[in-house]
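Work through the exercises below with the sequence and the 3D view open. Each task is followed by a worked solution.

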Amino acid sequence: MSKFYITTPLYYVNDKPHIGHAYTTILADVLARYHRIMGDEVHFLTGTDEHGQKVQEAAAIRKVDPKNHVDEFVVRFQELWEKLHINYDDFIRTTESRHTDRVKELLTTLYEKGEIYADEYEGLYSVSEERFVTEKEVEEGNFRQIKKLKEKNYFFRMSNYQDALIEHIESHPEFIKPETRKNEILGFLRKPLNDLCISRPKSRLSWGIEIPFDQDYVTYVWFDALLNYVTAIGWGSDETIFNKWWPVNYHLIGKDILTTHAVYWPTMLMAAGIPLPMSILAHGWWMSEKSKMSKSLGNVVNPLELIDDYGADSVRFFLMRDMVLGMDANFTLESFIKRYNADLANDYGNLVNRVTMLIQKHFDGKIPESGDYDEIDLALVAEAKTAPQSVNKLIQELKIHDALETTLSLFRKINRYLEAKAPWKSIKEDSSQGGSAATTLALATDVLRIGSQLLNPVMPEKTTAILNILGAGLIPLNETNIGLLKPGSELGEGKSPFPRITVE
Ligand code: MSP
């Protein structure tokens, strides 16, 4: 048994979650469920990023105190995760003392060691990004709301770690995935790395963790939030738990927060004397009408509506099936419905109904005895033997979309197998145990059972229902060998939980 620690970013509680946020959380949940099924000890952490300018502004617009605002808004995330069957082990809020106390302790330690120093700085400040930016960055036009600002601040000696970081990235090919993102960071690190401004004067921003050695300042939100990945697992308070989980197996993030995770975070860890994460995985964006789905563009798809209309598992399936990890993907309701009808209602759901109805009608609702296999049977057996291995390998390589395609393709093979065997015809002549129809239906159901087990991490609720319908509810999910659904096993009640969506 090995340990598997996985995290999502902490979401800003300035607005309602959209499917971009849901995507990362579902991906983490799928991987966590997969590893639990495989017998690993899993810790899945998510939570909310509750300090900083964005949250302070959101609260100000609503004319409420930031603390009341975050207490109210955090629930929106927690409720959505519940509806999406997100089975996290811990939910951290950056306003909790288990986090804020550790952040303050680290600031003090680093200040005493000289890793943090005060300096007067004059430069261009991006209000929207909440940080000082270089002239070159402004020229490149990536930043909004720029103003000239001179103020005293505290700085972290990030530049000291530039060489060590480059060395680490180059010697650990798994550290930043995919490869394109790794190259992007190495490109960024070719230019000299500046020290990082890690404070904000309270006159400008009051909603943050107070700097322990200067009460006129609060901590820069990223220097606070990133530390959640270690404070949540007992760093500085319970070393046994901390050593059990750290280093993290995967930090899942979107590509827009790569620099903070692949540059700020590892240098902070180096200064704190903590080993680096095993892997940082950056995915692409869900787009809507060719632009990134985001609050400011007003083009977000609300996952709650999709769940209410089509069910949580269908949403999970679509998001996992239609995004190639690392690339952007486009969301349209049309493609969602098309995918649902083709894969879930048709290839999977109809198959379940077809097979179980015949067994109910002709074999008293019990899995029949098989006779000898012919070549067509043996071809399906061979497919059913290789599918689990391929799926496991693909999931370990984080190619969830390919893993799903492999399983769906197994279902399509069962459908073709049934067409070739036509048990609905042969049964009229021979409905005996061990006869041709009996053999076909027993084998088709067993392979369908294997495919359903493989889909379980992505659609936990619906596949459990289907496994019960197939009479396979008691077979452990990781036991995907052929032949485990025994003759005589009784089918459960019910029909496929994927009715066709009809569009007017
Ligand atoms: N609070 C920071 C993260 C701190 S982690 C210590 C933050 N929050 S966020 O709410 O703005 O974004 C959270 C995550 O959602 C990021 O990984 C971001 O990439 C992701 N997404 C936001 N919009 C997205 C899409 N349209 N598509 C996919 N993911 C996107 O950044």
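**Exercise 1: The surroundings of I280**

Leaving out residues up to four places away in sequence, I280 touches E174, F175, I176, K177, H251, I253, H261 and A262. The model used here is predicted.

Task: Locate I280 and decide whether I280 is buried or exposed.

Solution.
1. I280 lies in strand β14, which covers residues 280-283.
2. Buried means under 20% relative accessible area.
3. The relative accessibility of I280 is 0%, so I280 counts as buried.
4. For a distance across the model, take A164: 116 residues separate A164 from I280 along the chain, and their C-alpha atoms are 17 Å apart.

**Exercise 2: A sheet with open edges**

Task: Find the strand order of the open sheet of 3 strands, and explain why β10 and β11 each have one side without a neighbour in the sheet.

Solution.
1. The order is β10-β12-β11, and the pairing is antiparallel.
2. β10 (199-201) and β11 (210-211) stand at the edges with a single partner strand each, so one side of each has no neighbour in the sheet.
3. Between β10 and β12 (residues 214-219), the antiparallel pairing runs over 3 bridges.
4. Within this pairing, P201 is opposite Y217 of β12.

**Exercise 3: Helix α2**

Task: Which residues of helix α2 (residues 53-61) are buried, and what covers them?

Solution.
1. The buried residues are Q53, V55, A58 and A59.
2. Their cover includes strands β2 (11-12), β3 (41-49) and β5 (116-126), along with helix α3 (66-83).
3. Just past the end of α2, K63 has a positive phi of about 55°.

How values were computed:
Residues are numbered from 1 along each chain as its sequence is written. This is a predicted model: local features need pLDDT of at least 70, side-chain atom pairs count only at pLDDT 80 or more; totals for chains, interfaces and linings use all residues. Side-chain values use heavy atoms; hydrogens and water are left out. Buried means under 20% relative accessible area, exposed over 50%, partly exposed in between (1.4 Å probe, protein chains only). Helices (H or I, at least four residues) and strands (E, at least two) are DSSP runs, numbered from the N terminus. Contact means heavy atoms within 4.5 Å. Two strands pair if DSSP finds at least two bridges between them.
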